[in-house]
Amino acid sequence: MIAIIDYGMGNLYSVSQALTRMGYEWKITSDSEIIRSADGVILPGVGAFGDAMLELKKRGLIEVIKEIVHREGKPLLGICLGMQLLFTGSDEHGYHQGLNLIPGHVVRFEGDYNIPHMGWNELRFDRPHPLFQGVEEGYAYFVHSFHVIPDNPSDILAVTDYHQTVTAIVGRNQLFGMQFHPEKSGETGRKLLERFAALCTDRGNRR
Amino acid sequence: MITKRIIPCLDVKDGRVVKGVSFVDLRDAGDPVELAALYDEAGADELVFLDISASHEGRKTMVEVVRQAAGVLSIPFTVGGGIGDLEDMFQILRAGADKVSINTAALQQPELVENAASRFGSQCIVVAIDALYDPSEKDWYVYTHGGRRRTEWKVLDWAQQAVDRGAGEILLTSMDQDGRKNGYDLALTRTVSDRVRVPVIASGGAGTKDHFVKVFTQTRAEAALAASIFHYREVGIEDLKAELKQKGVHVR
């Protein structure tokens, strides 16, 4: 079972339906016991960084997330804002601390071009990774005004180009983040989400 | 590089697609969800559902349509038509829509754009603008209520205002060109897309593949919307994308 964390931010229904179509069980939840018992966890998110951290805190989820990642090494996927929350902090509407699971910062796009970065853009895989097994580079649907700059380039698994190189997928051990919405990114997105789900349940089966 | 987007628009009334659709291989040509899934498969980049229901029940039906669409689509979609306040937006977004589009309500209370952007994020707030050229004033004016009422707003001023208040995208419909199938209004689209720094969706007037080529090569529109030419299969999405690629337009 994959726990989709419900903290009042984001489009949970679409990602849950995508998992259903792939044949994976899921629960939309903010219950820490269910999250702890899951094979893997998805942290979705749409909205503002500071609000999102506040909502996680209110529900006592910050410690739960840190614990399952650090202590248990449970697979976790942050999507869009959910990926940004994995980092040290963000400049969105003043400085806000993030979950600090991966060192790095979230900054606003700056320049004489359209913001948000909105639409289908090409993913470039930076390195081979189990997440990419059977997946080809393709287009994904992005919509964001802030982007992540990890401190360690080795945490970057895939990038895209939007007036600069933009971090698209990050990964560190069993912790992943996707800046685009895999559940809205056609075939490529479906395969990536499916790979994550498979990594979760492989682990579940081994237990 | 970011790609140009092709967006079919489905007019939905009381949960059914209107504007005769001639898809022979659809079991139910009036089912918006089935039609949407077909466009997803054909390579549409995004979809717009425009709810033209007049009744409260029709609106409630739309929320159900959104829920079903979110269950099958693997591309993003926008819902517009009759959205009047934050509660309407919340219902539609919670049901699984990626963006909401507001038109008349935004002009009646521009602070709605700000409130919506701060509550849901700019990325899901589309401001739809219906524009008609006034030859005596030599400028485009904004119309509301489905194009029936003229406002005092010039299109460029309102577009800029909407963006300043937090709109993440502008859906720009030329009333002059709408339904005529002789091409997008390039002058209007250029005027707005040159100025605002959010994506502009060109709408109204598409009749041939070449019209899409023109709007993407001669303006800064990031997306182009059309309805009947897709529904009647006068232009197929795959064909259109092949043509755009050949003409050097970057598409998915």
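Here is a short conversation about a predicted model with chains A and B.

Reader: Why is A:Cys80 called buried?

Author: Buried means under 20% relative accessible area. A:Cys80 has 7% relative accessibility, so A:Cys80 counts as buried.

Reader: And what makes A:Cys200 buried or exposed?

Author: The cut-off for buried is under 20%. The relative accessible area of A:Cys200 is 0%, so A:Cys200 is buried.

Reader: How do you know that A:Cys80 is in no disulfide?

Author: Good one! A disulfide needs two cysteine sulfur atoms within 2.5 Å. For A:Cys80 the nearest cysteine sulfur belongs to B:Cys124 and is 11 Å away, so by that cut-off the pair is no disulfide. For A:Cys200, the nearest cysteine sulfur is that of A:Cys80, 19 Å away. Over all chains, the count of disulfides is zero.

Reader: What makes A:Lys184 and B:Asp98 a salt bridge?

Author: The rule asks for a side-chain nitrogen of Lys or Arg within 4 Å of a carboxyl oxygen of Asp or Glu. In A:Lys184 and B:Asp98 the closest N and O atoms are 2.9 Å apart, so the pair fits the rule. Across the interface of chain A and chain B, two salt bridges are found.

Reader: Which elements of chain A give two or more residues to the side that touches chain B?

Author: They are helix H1 (12-22), strand E8 (117-122) and strand E10 (139-144). E8(A) gives the largest share, six residues.

Reader: How much area do chain A and chain B bury between them?

Author: About 2400 Å², with 50% of it on carbon and sulfur atoms. In chain A, the residues losing the most area to chain B are A:Tyr13, A:Met118 and A:Trp120.

Key
Residues numbered from 1 in each chain as written. Chains lettered and ligands numbered in written order. Predicted model: local features only at pLDDT ≥ 70, side-chain atom pairs only at ≥ 80, totals over all residues. Heavy atoms only, no water. Buried < 20%, exposed > 50% of the residue type's maximum accessible area, 1.4 Å probe, protein only. Buried area = accessible area lost by both parts, 1.4 Å probe. Helix = DSSP H or I, 4+ residues; strand = E, 2+ residues; numbered from the N terminus.
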